[in-house]
Structure formats: structure tokens, C-alpha cells
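The following exercises ask the reader to work through one protein model step by step. Each task is followed by a solution.

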Amino acid sequence: MNLLRSLDFSGSVWISSELKGLNDDCEHFKCFPPGHIYSSKSGGLRRWYNPLWFSEAIPSTPYDPLALRRAFEKAVIKRLMTDVPFGVLLSGGLDSSLVAAVTARHLAGTQAARQWGAHLHSFCVGLENSPDLKAAREVADYLGTIHHEFHFTVQDGIDAIEDVIYHVETYDVTTIRASTPMFLLARKIKALGVKMVISGEGSDEIFGGYLYFHKAPNKEELHGETCRKIKALHQYDCLRANKATSAWGLEARVPFLDKDFINVAMAIDPEWKMIKPGRIEKWVLRKAFDDEEHPYLPKHILYRQKEQFSDGVGYSWIDGLKAHAELHVHDKMMQNAEHIFPHNTPTTKEAYYYRMIFERFFPQNSARLTVPGGASVACSTAKAVEWDASWSNNLDPSGRAALGVHLSAYEQQAALASAGVVPPEIIDNLPRMMKVGAPGVAIQS
């Protein structure tokens, strides 16, 4: 749960899971930091969650694929304790597919299966013919789930943006892009009578799964970045998964963020998480579930390249959002952006558009301070932007912004070169890619 604490006008401390529960009565807000307790007697916070990885010291435990697999299966099984109808969110990517595969394998014989049936329900959302819909359909067929596929249009998403910002309480571009389809999906799921879903958030942060990790210069930098990403989850992916679903009374459970599983995964020597020729992002997780005798997933799904949720639902979704923002934010507004929004000044029209909506709902200065900022490319922290000098000129949170890494980015480069927009010599100097392991997997060489 994402908590906030604030002071009302009399100086009393209020605590709420939502900003909207405080903003009419309180003047100052702060995010309640995860892993902490608050004492009303001392008036202070104290961190109780203190795992070894929190210090960011470099671990040295050898990689044990079976230990990692067992830890994740245990985390999933733990979340099958339920007395309500449930299912899994299935995008067809590695993380959600593993959640679905492990759930399907261990559901039989549980109390949940006896109460609600042994056939697992899976749910996916996307634009017509989007990458996620196709991949999720294939995984669902392979696992034998009762699959529910929902379509939305770019206009459906745009129409929901204001509600999304109100419920998710952020103006962060990446979070809003991904929260919108999840918000629309949650409404459909709840309408079916389902009250709980198991989801795949957290894996990319733990294993360095975002495409920008291809540029991590060494294991020390990679491990430090994974630690920073996990510590910030409550402001990004967990914020999205929690509030986009709870807006409709749907509970989301995330086994990758099981504390015991995190301890196992973050103790692995980060050299094993480094992306190298022949070893794609999240290789340690993929290898752990690469079982030849009793396969969990088809090979090409197990080795499918990372797609951020906002990309995977359909690339035209992000392009449509940018086009919509162009209609509502003019060049002159952008020229004055630093004066209108001195904190976390929006640098794109899309960001400016979201910020205007957020400020209308939450006008207090301390409300805008609860949203993180800083430079980012393909969901990186500001620190990781330093890994590649070219990224400072391409600060877009989409996975496609990781030029030289994402397959569709290469397609864009070729189109730009043929149109004369980008000189061919620049394209020639970008890192090349080679196919490995399974169709659709790309690795730098």
C-alpha cells in the first residue's frame, strides 16, 4: 500500500493510503517511506526492513538456478491463499508468463482450486493486433488457461487519462502511460466478479530487465541501479499496480516482490545479471525456468525481449498520447514551463499535459513534491543516464528509446536513415545486434 503522512492546519499528523484523502484538510504531505514504522510518541520514523541488499554492497553468492526457481515458486504458492475469485494478469512477456505458468502448475490441490475451480483465468489488454495480445494468447493456449482478452482504442485511453491521474495520483509520464491500460483492464476484470489478480511487477528492477541495462558498464553499476530501482518501486510500478487496480476494488499481488524471494535474487553475484553476447536481459531468471523435461513456457516466450507495459499494449498508444498532447499544449506554453512549473519542470508536451491535469486535482505545493522527477531513458534512474552520452539527447521513458537495444528501435533507425533524417554514418556507428537462443531475442555484439 502506498501511504502518505501529512500535517493538518492544527499540526496533527494524518496518515492515508491516498493523497485525495488528505488534500482537502491538510497543508503538508510526505510519502510514507516503505519499510518504516511511525511512532506517534516520538513523532519520528524508523526503518524496520533492513535486508542485506539495502546497503548496496556487492553480493558474491554463486548463481543457483534451482534455488532461484524454488524461491519464486514458493512466493507464487504463498499468494494462492485466497477466498475470493482470482486470476493472473498475462501480457505474454517473461514475468507475467512465469507467474501464470507457476500458478497453473501449482493451483491444483489448493484450497483456492477446491473453492473456485482448477482452471486458471488469465487477463490481457491491448490495442488491436498489439504485441502483448498475440503473445498472451499463445501463452494462454500453452498453459490451458481460460483467457480473457480485452481491446481498447487510443481514444478510449485518452478519455480515461483524467480519471487515471486522479486515482494514481502522479504526473510521471511512464506511470501514466502504463497505468491507463491497466486501469481499463481492472474495470473489465472487476465486472466479471474477479476480486484478486497475481501480477509480475518487480522482476525488471531485481534482475536488471529494462533495456537500458544493456549499457551497464560493470557489475557494480548494475547492482547499484537495481537497488535504486527497487527502493523507488513505491513511486512507480507498485504505485501503478496498486492504485490502477484498487480504483475498481481489485487487489493485485506481486510474488516477485516477496521479501524472501528478493533476498535470494539480490544475493546473486551481479556478474551473472550482466548482459553480454549470448546472454540477454534477465538471463538468470530465464535460465532458472528453462526446463527441457517439463517446460514451463515455449522457448521463444521464455526468451522474448523485454517490452514495457505501455509499449507492449501497442506502440501506437504512446504515439497517440504524444499527438493528443500536441493539440492541448502549445509551443509558447512550453517556453514558459519553467516559470509555471519550477519543480520537476516538464520537458515535453505530453509531460506538460499530465502536469496540468494533476495540478487541477492536487494544487498544493507539497502534493507535487510527492512525485519523483529527474532525467530518465527507458525507465532508468538519473544516475544510469550517465551510462551512455547519447541518452541525454533522447530522454524518453519508452523502451524504444534504448537505441541500439530494442528491435523496433532498429527498425526506426533504418526508416530514418532511408528518409535522410539521420545520416547513414550515425546508424553505422550504433551497436549491432545478433539473434540468439530463440526468435525475437536481441543482444548487442
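**Exercise 1. Determine whether F72 and F289 are buried or exposed, and classify the pair formed by their rings.**

Step 1. The model is a predicted one. A residue counts as buried when its relative accessible area is under 20%. F72 has a relative accessibility of 0%, so F72 is buried.

Step 2. The value for F289 is 1%, and therefore F289 is buried.

Step 3. Aromatic rings are paired if their centres lie within 6.5 Å, and planes over 60 degrees apart count as edge-to-face. By this rule there are 26 aromatic pairs. The ring centres of F72 and F289 are 5.9 Å apart and the planes stand at 90°, so this pair is edge-to-face.

Step 4. F72 belongs to helix α1 (residues 65–78), whereas F289 is in the loop between α11 (283–288) and α12; the pair therefore ties together parts that are 217 residues apart in sequence.

Step 5. F72 and F289 also belong to one aromatic cluster, together with F207, F256, F261 and Y296.

**Exercise 2. Classify the pair formed by W272 and W283, and describe the surroundings of W283.**

Step 1. Planes under 30 degrees apart count as stacked. The rings of W272 and W283 have 6.2 Å between their centres and 10° between their planes, and the pair is stacked.

Step 2. W272 is located in the loop between α10 (259–266) and α11, and W283 in helix α11, so the pair ties together parts that are 11 residues apart in sequence.

Step 3. The relative accessible area of W272 is 32%, so W272 is partly exposed. W283, at 17% relative accessibility, counts as buried because the cut-off is under 20%.

Step 4. R279 lies over the face of W283, and the distance to the ring centre is 5.0 Å. A further case of a charge over a ring is R360, whose charged end sits 5.7 Å from the centre of the ring of F361.

**Exercise 3. Give the strand order of the open sheet of 5 strands, and explain which strands stand at its edges.**

Step 1. The order is β8-β7-β6-β9-β10, and the pairing is parallel.

Step 2. β8 (146–151) and β10 (251–253) each have a single partner strand, so one side of each is left without a neighbour in the sheet, and these two stand at the edges.

Step 3. On average, neighbouring strands of this sheet are turned by 30° against each other, direction ignored.

Step 4. Within the sheet, β6 (residues 86–89) pairs with β7 (residues 121–126) in the parallel sense over 2 bridges. L89 stands opposite F123 in β7.

Step 5. Helix α4 (residues 131–143) lies across β7 and β8 and runs at about 170° to β8.

**Exercise 4. Locate Q305, and then describe the protein chain as a whole.**

Step 1. Q305 is in the loop between α12 (299–302) and α13 (309–312). Its relative accessibility is 6%, so Q305 counts as buried.

Step 2. Along the chain, Q305 and Y210 are 95 residues apart, while their C-alpha atoms are separated by 9.8 Å.

Step 3. The protein chain has 20 helices and 12 strands. Of its 445 residues, 54% are buried.

Step 4. Among contacts between residues at least 6 apart in sequence, 71% join residues at least 24 apart.

Step 5. The chain exposes about 19300 Å², of which carbon and sulfur atoms supply 54%.

Definitions and conventions:
Residues numbered from 1 in each chain as written. Predicted model: local features only at pLDDT ≥ 70, side-chain atom pairs only at ≥ 80, totals over all residues. Heavy atoms only, no water. Helix = DSSP H or I, 4+ residues; strand = E, 2+ residues; numbered from the N terminus. Buried < 20%, exposed > 50% of the residue type's maximum accessible area, 1.4 Å probe, protein only. Contact = heavy atoms within 4.5 Å. Areas by Shrake-Rupley, 256 points an atom, 1.4 Å probe, with all protein chains shown as cover. Pairing = 2+ DSSP bridges. Axes fitted to C-alpha atoms, helices over the stretch in contact; angles between N-to-C directions. Phe/Tyr/Trp six-rings, centres within 6.5 Å; stacked < 30°, edge-to-face > 60°. Lys NZ or Arg CZ within 6 Å of the ring centre and 35° of its normal.
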